[in-house]
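I am opening a notebook on a protein structure that I have not looked at before. I plan to begin with the whole chain and then turn to single helices and residues.

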Amino acid sequence: MATWIQAKKTLDLKQHMGSIRMDFPILNQRVHGRPLVYLDNAATTQKPRAVIQAMAEYYESQNANIHRGVHALSEVATSLYESARETVATFLNAQSPSEIVFTRNATESINMIANIMGHDQIKPNDEILLTELEHHSNIVPWQFLCERTGARLKIIPIQESGDLDYESAVKLFGPRTRILAITHVSNALGTVNNLPPLIALAHQYGAAVLVDGAQAAPHIAVDVQALDCDFYVFSGHKIYGPTGVGVLYGKREWLDRLPPWQGGGDMITSVSFQHTTYAEPPHKFEAGTPPISQAIGLAEAIRYVQGIGYPAICAYEENLELYALRRLLETPGIQLIGQPLKRASIVSFVMEGIHPHDIGTVLDQSGIAVRAGHHCAMPLMEHYRVPATVRASFAFYNTYEEVDTLATALEKTWKLFQP
Ligand code: 7TS
């Protein structure tokens, strides 16, 4: 946890920014001779020292394989791994740690569900509802499922603002709807979806709901019981934890009902050449050696985030985002893509006549890291008839001065490309 946090009260992060940034060693460097301005947090976030240290300590003094040995190190490693699961369960307000499966990333979590749902839950002409906002990770696995089963995709459209078209959404549900797979926050526009009415509607039709929380978990306090979703997924590396670990939350009754995905060690109770019986959830879904150090790192990242607290993070990030929007709107040539009612720390834009990749390259020369591309959301790019956007995505360690640096660099970029 961050050492600078004293009393547990809502912090004004602006006042603590120096200490916060000191917790993230990577931020204190120069890129192309300029101080790094890291605004690619939606791709991956930087890691606080506490996470790096927890993982180093694990490898220096605790490393062993888990659930297998009677020796002391294996018991320590097993207990650290299982307590990481408890940390995630409490973080999401799951009913029990057995509802938390560790995977490789959000993508793998979605693939697992899309795959095992095909076992006996989906029939020809069943319908799977997605939205126009989805990342490819929440599209392609469902296309695989449709190819295997003869089910069909139906797509909830968006309005020009980048908000979901809730009126159209209601009409798309029907007796054949089996799954609603929906992002909590759009990685390209930052739109925060209003999930509860859609989840309630899906359940009225007996459909299961998977929420892709990859971009939400770092910015919004998630309560899976309040949401009442059936599955919730996110990636460790986008919430200040390491790569190589993801989370799949699943309601216990779903995890009991669904078959395992991969077979191997640790997911069985007994194996013979004639017959194998499976372990209880969550182990049923964790074949092979899991991401042990990564789960430990993720738990530390969650403790770090909880140490600051979502009220403080949300308050700071919302103000920073408003400031960034104001500065961008003042900058000549900028056209925002999407103006959703509620957004979470992501801003996408284009500049007339300048390719987003060129903007990204010029910004990089000023030490500013942004993303330029289709953001793995090609259907969404098609909706706005742009091949790509520039995306600035913020974390609680970004500063107002960094937003100014971005705005100044964009103004220069605009001038540079004028005839
Ligand atoms: N879902 C959403 C909404 C995402 O933004 C991403 C990654 C994923 C799923 C997949 O996450 P992964 O950890 O399994 O790869 N989004 C991005 C991005 O916007 N830029 O780089 C990765």
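The entries below follow the order in which I looked things up.

**Entry 1: the whole chain**

I noted before anything else that this is a predicted model, and I kept that in mind throughout. I then looked up the secondary structure, and the chain comes to 14 helices and 17 strands. Along its principal axes, the C-alpha atoms fill a box of roughly 75 × 55 × 35 Å. I wanted to know how the radius of gyration compares with that of a compact globule. For 419 residues the rule gives a value near 22 Å, and the chain has 22 Å, so the two agree.

I also looked at how the chain is covered and connected. Of the 419 residues, 58% count as buried, and the chain exposes about 17600 Å², of which carbon and sulfur atoms supply 52%. Among contacts between residues at least 6 apart in sequence, 71% join residues at least 24 apart. For the charges, I found 33 positive and 42 negative side chains, with the centres of the two sets lying 2 Å apart.

**Entry 2: three helices**

I started with α11, which covers residues 310-330. Its 21 residues should span 30 Å at 1.5 Å a residue, and the end C-alpha atoms are indeed 30 Å apart. Its buried residues include Tyr 310, Ile 313, Tyr 316, Glu 317, Leu 320, Ala 324 and Leu 328. I remembered that an α-helix has 3.6 residues a turn, so residues three or four places apart point the same way. Which elements do the buried residues of α11 pack against? I found α1 (17-22), α3 (72-92), α10 (292-308), β13 (334-336), β14 (346-351) and α14 (400-416).

Since α3 was among those partners, I looked it up next. The 21 residues of α3 should also span 30 Å at 1.5 Å a residue, and the end C-alpha atoms are 31 Å apart, which agrees. Among the buried residues of α3 are Ala 77, Tyr 81, Arg 85, Val 88 and Leu 92. Just after α3 comes Asn 93, whose phi is positive, near 55 degrees.

The third helix I checked was α4, which has twelve residues and reaches 17 Å from its first C-alpha to its last, close to the 16 Å expected. Nine of its twelve residues are buried, so α4 is largely enclosed by the rest of the structure. The buried set includes Ala 106, Ile 110, Ile 113 and Met 117.

**Entry 3: unusual backbone angles**

I looked for residues other than glycine with a positive phi, and I wrote down Asn 125, at about 70 degrees, and Tyr 240, with a phi near 70 degrees. Asn 125 lies in the loop between α4 (106-117) and β5 (127-131), while Tyr 240 lies in the loop between β9 (231-235) and β10. Are they buried or exposed? Asn 125 counts as partly exposed because its relative accessibility is 36%, in the range between 20% and 50%. Tyr 240 is buried, with a relative accessible area of 0%.

I also recorded a cis peptide bond, which joins Pro 281 and Pro 282 and has an omega of about 5 degrees. Pro 282 is in the loop between β12 (276-278) and α10.

**Entry 4: three loop residues**

Thr 191 sits in the loop between β7 (177-183) and α7 (195-204), and at 1% relative accessibility it counts as buried. Leaving out residues up to four places away in sequence, I found that Thr 191 touches several others, including Leu 133, Asp 163, His 184, Pro 340 and Arg 343. Its C-alpha atom is separated by 26 Å from that of Glu 411, which is 220 residues away along the chain.

Lys 251 is in the loop between β10 (246-250) and α9 (252-257). This lysine is buried, because its relative accessible area of 13% falls under the 20% cut-off. With residues up to four places away again left out, Lys 251 touches Glu 99, His 203, Asp 228, Cys 229 and Asp 230.

My last residue was Asn 28, in the loop between α1 and β1 (30-31). Asn 28 is exposed, since its relative accessible area is 71% and the cut-off for exposed is over 50%. The C-alpha atoms of Asn 28 and Pro 379 are separated by 37 Å, and the two residues are 351 apart along the chain.

Notes:
Residues are numbered from 1 along each chain as its sequence is written. This is a predicted model: local features need pLDDT of at least 70, side-chain atom pairs count only at pLDDT 80 or more; totals for chains, interfaces and linings use all residues. Side-chain values use heavy atoms; hydrogens and water are left out. Helices (H or I, at least four residues) and strands (E, at least two) are DSSP runs, numbered from the N terminus. The expected span of a helix is 1.5 Å times one less than its number of residues. Buried means under 20% relative accessible area, exposed over 50%, partly exposed in between (1.4 Å probe, protein chains only). Contact means heavy atoms within 4.5 Å. The radius of gyration is taken over C-alpha atoms; the globule rule is 2.2 Å times the number of residues to the power 0.38. Accessible areas come from the Shrake-Rupley method with a 1.4 Å probe; for residues, only the protein chains shown count as cover. Lys and Arg count as positive and Asp and Glu as negative; His and the chain ends are not counted. The place of a charge is taken as NZ of Lys, CZ of Arg, CG of Asp or CD of Glu.
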